[in-house]
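Dear colleague,

Please find the structure below, handed over for your own work. My findings follow it.

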Amino acid sequence: AYFSYQHGGFPFYHSEPRETDDQTYYTLGLRWAGRAGGFAFEMEPVTQMGRVAAPHTNGKDRVIAYGGHIDLGYTLPVRTEPRLFVAYALGSGDASPEDGRFNQFHGNVFNDNYLVGDMSVIADLSGVAVNGAFVSGIRARVVGCSFNPRPVLNLAADYHRFSASEVPSGFSQNLGSELNAVLTWKATKNTSLLASYNRFFSGDFLRQAFGESRDIDYVYLRSSFEF
């Protein structure tokens with residue numbers, strides 16, 4: 001279990017037009033993880049409270065938000081160690097920015113959460129801003145697999161499907177999906193190489209906000225040496 005207290009300015013992007021230096025967040029979370037045979041699981045519910053600047057007045061909104069994730073994986077007991085996993089993550093959204101309550105989750109802004117993918121098109125579970133159109137409350141559904149065809153070689157792939165709970169009138173909740181494929185090779189005892197290809201398939205919301213359909217490709221190579 002953990003608790004965090006945050007006071008001061010914060011660069012919100014998805015519904016608040018300005019930031020202030022006197023907003024306060026309290027975050028309470030619980031992380032539970034374990035293994036049983038070939039199964040592995042992780043669950044992390046998070047709730048948030050506090051006060052932030054109201055988006056359209058000089059007053060304060062009360063924060064009532066929640067988020068978290070759950071994932072489950074299974075590794076088959078064979079030489080190549082194939083692993084399958086599924087996961088679901090969510091952050092609450094704010095449907096009424098002027099009602100005196102702030103319900104948009106900001107518990108893991110720009111953290112290293114693999115459930116939102118490698119490309120940071122969807123950066124966190126709070127929301128997305130595109131051409132003046134704001135959505136909040138992200139849902140991520142994830143499936144993936146990996147295996148080791150050789151002891152020094154690992155192949156992995158995962159697929160992420162994103163949607164939003166709160167969207168402007170006339171916009172779709174479908175944000176898009178992301179496919180990631182990663183090859184890792186332990187070339188020597190101290191050297192490893194990694195190659196990855198990633199593609200983001202734009203959903204209906206991005207097409208509506210941009211006025212066109214455009215997917216995104218992302219490729220990277222990485223090497224590391226331990227000494």
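**Strand E9 and its surroundings**

Strands E9 and E10 (residues 153–166) are paired in the antiparallel sense, with 12 bridges between them. The two are connected by a hairpin of two residues. Within this pairing, Val 143 has Tyr 159 in E10 as its bridge partner. Please note that the model is a predicted one.

E9 has further pairings. Strand E6 (residues 83–91) also pairs with E9 in the antiparallel sense, over eight bridges. Here Val 143 appears again, since this residue of E9 stands opposite Val 86. Val 143 is thus placed opposite Val 86 and is also the bridge partner of Tyr 159 in E10.

Strand E8 (residues 127–130) runs antiparallel to E9 as well, and four bridges join them. One of the residues involved is Gly 127, whose bridge partner in E9 is Ser 136. The hairpin of E8 and E9 has two residues between the strands, and in it Asn 131 adopts a positive phi near 50 degrees.

**Asn 148**

Asn 148 lies in E9, which spans residues 133–150. Is this residue buried or exposed? Asn 148 counts as buried because its relative accessibility is 17%, and the cut-off for buried is under 20%. The side chain of Asn 148 makes a polar contact of 2.9 Å with the side chain of Glu 81. Glu 81 also appears in the list of residues in contact with Asn 148 once neighbours within four places in sequence are left aside; the others in that list are Thr 80, Leu 153 and Asn 154.

**The largest nonpolar core**

The largest nonpolar core has 29 residues, of which Ile 122, Val 128, Ile 138, Phe 162, Leu 175 and Phe 205 touch the most other members. Two or more residues of this core come from each of strand E4 (39–53), strand E5 (60–75), E6, E8, E9, E10 and helix H1 (204–210). Which element gives the largest share? That element is E9, with five residues.

The surroundings of Ile 122 can be listed in full. With neighbours within four places in sequence left aside, Ile 122 is in contact with Val 116, Val 128, Ile 138, Phe 162, Leu 175 and Phe 200.

In summary, E9 pairs in the antiparallel sense with E10 and with E6, is joined to E8 by four bridges, and provides the largest share of the largest nonpolar core.

With kind regards

Notes
Residues numbered from 1 in each chain as written. Predicted model: local features only at pLDDT ≥ 70, side-chain atom pairs only at ≥ 80, totals over all residues. Heavy atoms only, no water. Buried < 20%, exposed > 50% of the residue type's maximum accessible area, 1.4 Å probe, protein only. Polar contact = N/O pair within 3.5 Å; in protein donor to acceptor, adjacent residues only side chain to side chain. Contact = heavy atoms within 4.5 Å. Pairing = 2+ DSSP bridges. Core = buried A, V, L, I, M, F, W, Y, C linked by side-chain atoms within 4.5 Å.
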